[in-house]
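Reader: Hey, got a minute to walk me through this one? I'd like to start with what's covered and then work outwards.

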Amino acid sequence: MKVVPGPEGYIPKVAAMEGTNLPSSPDKGLLFGEEVDEEIAMREAAKALLTKPNPTIFPGPKILWGWSPTAFEEADAILELAKEIPNCRIIPMPDYRPKYPKIDPEAEINPNHPNLTILHNRIEACIFVGVHCHYANLSLRMIRAGTNCFTIAICGELGHEDAMVTLRDAHGEKIRKFKDILIQVRNELGIQWEPKLPPPNPSLPKENWETVSFHDYGEYAFLLMPKKGEIVTDTE
Amino acid sequence: MPEQKVVDTDYLLLEAPRERKFITGAQAMAEAIKRANVDMAIAYPITPQSEVMHLVGDLWAQGYLKDYYRAEEEYGAFSAIAGAARGGVRVFTATSGPGLLRGLEAIASWPGHRIPAVLGVLTRVVNAPLSIQPDNIEISYLLNCGAVVLHAENQQDTFDFTLAAFAIAEQVDVYVPVAVATEGFFVTHAKGYVDLTPEDMKLPPRNPYKAPVPPTDNEIPPARIQRDAPVQKSNFMSYLIHAVWQQEVWASTTRAMKYIYKYLGGPIEVINPDAEVFVVASGCAAAQAREAVRYSQLEGLNVGLVKVKAIRPFPEKEIREVLKNAKGIVIPEHNITGWLAKEVKAAIPNNDRVVGGPRVYGGMTLPTELIMDEIYKILGVKKERKVLV
């Protein structure tokens with residue numbers, strides 16, 4: 001099956017069940033459902049990000065909340081990549097709970113209704129990174145069903161059949177390689193751009209670390225508060 | 001218990017030396033659990049599964065497993081398996097016939113919850129009338145749950161499939177349960193030769209962070225499938241999320257095929273690929289089919305065997321290819337509805353070539369002569385019947 005931007009229709013096909021296989025080795029990627037060398041996939045992904053309106057990166061919980069050196073490095077690499085994509089935005093997928101009654105599509109994207117964020121922001125090229133594979137696959141298929149967005153999956157595991165471009169085993173080093181190829185393609189296309197960080201997310205309130213309290217953590221506050229009578233003298 | 005060392009999964013399954021033992025199918029399944037680095041087993045006893053879980057209980061007593069308990073019934077057992085798996089441990093359970101049906105709702109929810117559990121299905125009659133005898137009708141109920149379903153022919157398969165099941169289930173692009181079915185009594189309580197991997201080697205432990213969904217721990221909230229259930233809203237988006245979620249379950253079973261090739265040598269075994277007539281069978285019917293093929297060869301008949309190891313994902317492409325020139329296809333089964341014949345008929349062109357039978361059930365054995373009768377009919381061979389009294 002050729003995996004191309006939608007809208008595909010009422011219910012999407014499943015690339016994995018239509019004969020598309022995940023990349024067979026770490027140096028391979030998928031381009032429109034076909035296995036190619038990852039550099040070729042990266043070039044096509046770069047072209048989409050550089051030429052389609054409103055390119056956006058959707059970082060998921062593995063990067064946003066990952067407390068590991070690997071996650072820190074990936075987060076740094078993603079910011080470096082974002083700086084090089086003209087007019088790029090970053091909209092997080094902070095968790096996987098459905099947001100009812102209504103998501104703020106400028107603040108976040110959600111795997112249960114990802115096309116709301118895509119359509120509201122008129123995003124025509126996007127990157128999923130740091131999203132757990134199950135939820136990435138749900139999102140990629142729903143986006144293909146209902147939007148014309150060109151989807152790119154940068155996956156730390158084995159990749160995603162339902163994205164137009166997928167890279168597998170992608171961590172900090174491979175993300176930086178993608179950034180270098182993107183700069184190269186940008187220069188080939190003659191696009192002038194001074195690297196700069198994407199704008200802050202307009203929907204998120206500014207955090208004041210001097211007044212922050214346990215209550216700001218809502219139902220997760222119990223993760224922070226010591227048990228009754230417990231005195232915490234040592235922390236990591 | 002001997003000190004066990006963790007070895008690479010591929011090494012243990014594909015390369016490790018083997019030692020031959022003469023053991024029952026139940027023992028073979030337990031021997032696989034011994035080498036699978038299982039953390040926890042939960043079950044409710046039912047004949048003929050009891051033997052397996054009794055032996056697994058012994059393994060717990062010897063220190064191979066960290067936890068083991070008898071649940072109050074199957075629904076509770078399989079729900080607890082889901083909870084334990086979401087908590088990050090490697091789990092095993094087993095059941096038979098009515099027990100499988102009692103817990104089927106929980107089992108059917110495992111794939112959607114991305115539970116990489118391994119389930120032993122030691123088949124028996126589904127009541128009523130009450131019977132504990134072998135019959136594999138229950139597998140047909142399992143086929144649409146979204147789990148990978150393997151069907152073992154004998155004691156060796158039972159060991160190999162069970163050990164491989166953990167490797168397949170926990171692949172990040174699969175991550176759905178794997179059921180290993182085999183016939184109660186015919187396999188579970190009968191002895192056969194089994195080549196076992198060394199007792200002092202075991203699989204690496206499960207890594208719950210290498211998963212397509214977040215594990216439940218103190219830092220990450222659980223995948224809140226129920227609490228904020230998106231599907232409980234009535235609008236198109238909530239229908240679509242459930243639709244793509246179901247798609248993801250079935251895509252995952254499809255992805256399991258490459259690991260079935262890697263660890264089990266493929267979803268089917270073929271003998272005499274140029275045969276005129278094929279016997280297609282799974283489970284211990286394949287053992288009788290193998291005998292029928294041997295008889296046929298002794299009689300100079302061009303008959304082949306397709307043993308189906310994987311029922312889900314069903315090897316449609318492979319079966320279509322093998323059977324493309326077959327004049328006739330005989331499908332012997334240990335159940336009344338002929339679920340395997342239906343699967344094969346749906347997968348091939350000109351499916352009037354399929355003879356849906358012979359079928360035995362209710363505990364009956366499957367005499368090779370019944371399969372031979374069908375082969376003779378297809379080939380136009382006239383045989384005199386001798387009735388021995």
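Author: Sure. One cut-off before we start: a residue is called buried if 20 or more other C-beta atoms lie within 10 Å of its own, with the C-beta atoms placed from the backbone. Also, keep in mind that this is a predicted model.

Reader: Ok, so with that cut-off, how many residues of strand E5 in chain A are buried?

Author: Five of its five residues, so by that cut-off strand E5 (residues 125–129) of chain A is mostly covered. Ala125(A), Ile127(A) and Val129(A) are buried on one side, and Cys126(A) and Phe128(A) are buried on the other.

Reader: Which strands does E5(A) pair with?

Author: Strand E3 (residues 56–59) of chain A is one of them, parallel to E5(A) and joined over four bridges. Strand E6 (residues 150–154) of chain A also runs parallel to E5(A), with five bridges.

Reader: Got some residue pairs I can click on?

Author: Yep. Ile57(A) sits opposite Ile127(A) of E5(A). For the E6(A) pairing, pick Cys126(A), whose bridge partner is Thr151(A).

Reader: And is the crossover from E5(A) to E6(A) right-handed or left-handed?

Author: Right-handed. It's a β-α-β crossover, and the chain goes from E5(A) through H5(A) to reach E6(A).

Reader: Zooming out, what's in chain A overall?

Author: Chain A has six helices and seven strands. Along the sequence the pattern reads β-β-α-β-α-α-β-α-β-α-β-β-α. Of its 236 residues, 43% are buried.

Reader: What radius of gyration does chain A have, and what would a compact globule give?

Author: Chain A has 19 Å, and a compact globule with 236 residues would be near 18 Å, so the two agree. The C-alpha atoms fill a box of roughly 60 × 40 × 35 Å along the principal axes.

Reader: How much of the contact map in chain A is long-range?

Author: Taking contacts with a separation of 6 or more, residues 24 or more positions apart account for 65% in chain A.

Reader: Switching to chain B. How many helices and strands there?

Author: 13 helices and 16 strands. The radius of gyration is 21 Å, close to the 21 Å from the globule rule for 389 residues, so chain B is as compact as a globular protein of that length. Its C-alpha trace spans about 75 × 55 × 45 Å along the principal axes.

Reader: And the burial and contact numbers for B?

Author: In chain B, 51% of the 389 residues count as buried. For contacts between residues at least 6 apart in sequence, 81% join residues at least 24 apart.

Reader: Which strand of B should I look at for burial?

Author: Try strand E6 (residues 118–123) of chain B: six of its six residues are buried. On one side you have Val118(B), Gly120(B) and Leu122(B), and on the other Leu119(B), Val121(B) and Thr123(B).

Reader: What does E6(B) pair with?

Author: Strand E5 (residues 91–95) of chain B pairs with E6(B) in the parallel sense over four bridges, and there Phe92(B) stands opposite Val118(B). Strand E8 (residues 178–183) of chain B is also parallel to E6(B), with six bridges. In that pairing, Leu119(B) has Ala179(B) as its bridge partner.

Reader: I also see a sheet further along B. What's the strand order?

Author: E11-E13-E12-E15-E16, an open sheet of five strands with mixed pairing. Strand E11 (268–271) and strand E16 (354–355) are the edge strands, each pairing on one side only. Inside that order, E12 (residues 277–281) and E15 (residues 328–330) of chain B run parallel with three bridges, and Phe278(B) is opposite Ile329(B).

Reader: Which helix lies across E11, E12 and E13 of chain B?

Author: Helix H10 (residues 285–298) of chain B, and H10 runs at about 165 degrees to E13(B).

Reader: Last topic: how many residues does each chain put into the contact between A and B?

Author: Chain A gives 23 residues and chain B gives 24 residues. On the chain A side, the largest share comes from helix H5 (residues 133–146), with six residues. That's the helix in the crossover from E5(A) to E6(A).

Reader: And what's the mix of residue classes on the A side of that contact?

Author: The side of chain A that touches chain B has 15 nonpolar, five polar and three charged residues.

Conventions. Residues are numbered from 1 along each chain as its sequence is written. Chains are lettered from A and ligands numbered from 1 in the order in which they are written. This is a predicted model: local features need pLDDT of at least 70, side-chain atom pairs count only at pLDDT 80 or more; totals for chains, interfaces and linings use all residues. Two residues are in contact if their C-beta atoms, placed from the backbone, lie within 7 Å. Helices (H or I, at least four residues) and strands (E, at least two) are DSSP runs, numbered from the N terminus. Ala, Val, Leu, Ile, Met, Phe, Trp, Tyr, Cys and Pro count as nonpolar, Asp, Glu, Lys and Arg as charged, and the others, Gly among them, as polar. Two strands pair if DSSP finds at least two bridges between them. Axes are lines fitted to C-alpha atoms, for helices over the stretch in contact, and angles run from 0 to 180 degrees between N-to-C directions. The radius of gyration is taken over C-alpha atoms; the globule rule is 2.2 Å times the number of residues to the power 0.38. A residue is buried if 20 or more other C-beta atoms lie within 10 Å of its own, exposed if 12 or fewer, and partly exposed in between; C-beta atoms are placed from the backbone. A crossover is right-handed if, with the strands pointing away from the viewer, the path from the first strand over the helix to the second runs clockwise.
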